[in-house]
Amino acid sequence: MLKIKIAILLCAVTLVWSCSGSTEKELPYLGPSHTDENGEVVHHQIPDFKFIDQYGDTISQADFDGKIYVADFFFTSCPTICPVMKSQMIRIYDKFKGQEEVRILSHSIDPYHDSVSVLHDYAEALGVKGKQWFFVTGDQDQIYDIGQHAYMVTADVDTVAAEETGGYIHSGAFILVDKNKHVRGLYDGTKEEEVNKLMKDIELLLKENEE
């Protein structure tokens, strides 16, 4: 039932995104929203979280206050789409490297294998330095929950085709989050043209916050 609900939500998100179009000046707000007692629309927000990054430091939502960031889900021993996703994420990292307002948050969905030292070595192998791109691990249930319910993507143990997938199933999506923790875009992180669109949309959000 949960997967059906997620599928319906993703369809709705896709429709909203398609109708709104990423070429417009203002990006859409994705996910469920509601109207408060004052008649104001309250958009979906990423909830508070705490994970451990590749340096062994605790990372929370506070580290992303006032930041635009791109989130994804992966695992270091992934035999399928992760290498492609990371090659595309490196393009984003290189383009916005040193830009204080832009960050990247990559969640491992295999926290039993992806320890702090494993994530540190993985980041080093990709050429990632400093505190702009965070590779995080933590409680498995919390990671799956925030993936499915906050970022609206698949992140789970694969009980059907584990040999082919490495034991885990996850979306290849890159999720764009604005400075107020609203999801503003979902992109296929395995496709160069989609990542090109994402980088243009990051520029739009940077300008949006200047206005």
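Me: Which residues touch the most other members of the largest nonpolar core?
Reply: This is a predicted model, in which local features need pLDDT of at least 70, side-chain atom pairs count only at pLDDT 80 or more, and totals for chains, interfaces and linings use all residues. Residues are numbered from 1 along each chain as its sequence is written, and side-chain values use heavy atoms, with hydrogens and water left out. A nonpolar core is a set of buried Ala, Val, Leu, Ile, Met, Phe, Trp, Tyr and Cys residues joined through side-chain atoms within 4.5 Å, where buried means under 20% relative accessible area, exposed over 50% and partly exposed in between (1.4 Å probe, protein chains only). Of the 56 residues in this core, those that touch the most other members are Phe-49, Ile-92, Tyr-151 and Ile-202.

Me: Leaving aside neighbours within four places in sequence, which residues is Ile-92 in contact with?
Reply: Contact means that heavy atoms lie within 4.5 Å. With its neighbours within four places in sequence left aside, Ile-92 is in contact with Ile-104, Phe-174, Val-195, Leu-198, Met-199 and Ile-202.

Me: Around the axis of α6, how many degrees does the arc of its buried residues cover?
Reply: Helices (H or I, at least four residues) and strands (E, at least two) are DSSP runs, numbered from the N terminus. The buried residues of α6 are Glu-194, Val-195, Leu-198, Met-199, Asp-201, Ile-202, Leu-205 and Leu-206. They lie on the same side of α6 because their arc, taken from the directions from the helix axis to the C-beta atoms, covers only 165 degrees.

Me: Which exposed residues does the face of α6 turned away from its buried side carry?
Reply: The buried residues of α6 pack against elements including β5 (68–74) and α2 (82–96). The face turned away from that buried side carries the exposed residues Glu-193, Lys-200 and Lys-207.
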